[in-house]
Amino acid sequence: MADSRSMKERYFYFVRGRQLVILEHKTAKDYGDTNSPTYQPPTGGTNTLDGVNAGETGWTEGLLIEYTAIPDLSEVLSESDDIPIADALNTAMVDYVKGRLVEDIQDFRKKEYYMAKFKERVAKYARMKTGGSRVVQGTGFMR
Amino acid sequence: MTVKELMELTGETRFNLVKILLRDALTEMQLLTNENVLQYTTDLVNNQKGYDLPSNLIQVRSIKVKNQDTEYYSPINRLVDTDIKEK
């Protein structure tokens, strides 16, 4: 019989170091002895997998992972290449590079100045990205 | 902005050094703004609980599992207390 639970009721995850751990809640009929946990590695999946998972079964492309990543600079190969960054962050970038350069010559006062400017500009950019009013809308149970 | 423009504005002439500093700057900005968001799909393997994350990852934002009936990916919850029983 097909599993009628929603994905949220069925699976949960946590991150352990550089690994994502996915577990599945057992159904009542799978509980077994009372010492075993109420969860297990994901089960089922009818597809025969290929690539790195060749020889296994499961759900092809069954997981969608959304994450923030370090921008890729592999296409920046020469001085004439564009920096992959929003135009509004250009001045912050200049401040950061200046800050690191004066750090090398141990001018820490200037370094602090440039890094403070860098953080201020980045914070301003992050704040201004979404317009509109900044209010918290309460739900029914909030007092 | 090009790398050359950045070099002129900062007065630095060493391209490789500027590129390294650029990478550091982008990483710092990413930590503060969460600007560069990526997605990828991978197989959900029967009886396998661990999945390697990409090396350029800063933060996992959400995990979704494909509902095989509807073909839509639905979000799943993150476990807060990770002290679980294991064999």
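**Reading an aromatic pair, a core and a pocket**

Mentor: In this predicted model, B:Tyr40 counts as partly exposed at a relative accessibility of 24%.

Trainee: Why is B:Tyr40 called partly exposed?

Mentor: Buried means under 20% and exposed over 50%, with partly exposed in between, so B:Tyr40, at 24%, belongs to the partly exposed residues.

Trainee: What makes A:Tyr67 buried?

Mentor: The relative accessible area of A:Tyr67 is 6%, and because buried means under 20%, A:Tyr67 is placed among the buried residues.

Trainee: Why is the aromatic pair of A:Tyr67 and B:Tyr40 called edge-to-face?

Mentor: The ring centres of A:Tyr67 and B:Tyr40 are 5.8 Å apart and their planes stand at 85 degrees; since rings pair with centres within 6.5 Å and planes over 60 degrees apart count as edge-to-face, both conditions are satisfied.

Trainee: How do you know that the pair joins two chains?

Mentor: A:Tyr67 belongs to strand E5 (residues 57–69) of chain A, whereas B:Tyr40 belongs to strand E1 (residues 37–45) of chain B, so the pair joins two chains.

Trainee: Which residues have the most contacts inside the largest nonpolar core?

Mentor: Within that core of 26 residues they are A:Ile83, A:Met93, B:Val3, B:Leu6 and B:Met29. Its largest share, seven residues, is supplied by H2(B).

Trainee: What makes up the lining of the second largest pocket, in terms of nonpolar, polar and charged residues?

Mentor: That lining has four nonpolar, two polar and five charged residues; because Lys and Glu count as charged, B:Lys49 and B:Glu86, both in the lining, are among the charged ones.

Conventions: Residues numbered from 1 in each chain as written. Chains lettered and ligands numbered in written order. Predicted model: local features only at pLDDT ≥ 70, side-chain atom pairs only at ≥ 80, totals over all residues. Heavy atoms only, no water. Core = buried A, V, L, I, M, F, W, Y, C linked by side-chain atoms within 4.5 Å. Buried < 20%, exposed > 50% of the residue type's maximum accessible area, 1.4 Å probe, protein only. Helix = DSSP H or I, 4+ residues; strand = E, 2+ residues; numbered from the N terminus. 1 Å grid on protein atoms, 1.4 Å probe; cavity = no way out; pocket = protein on both sides within 12 Å on 5 of 7 lines; lining within 4 Å. Phe/Tyr/Trp six-rings, centres within 6.5 Å; stacked < 30°, edge-to-face > 60°.
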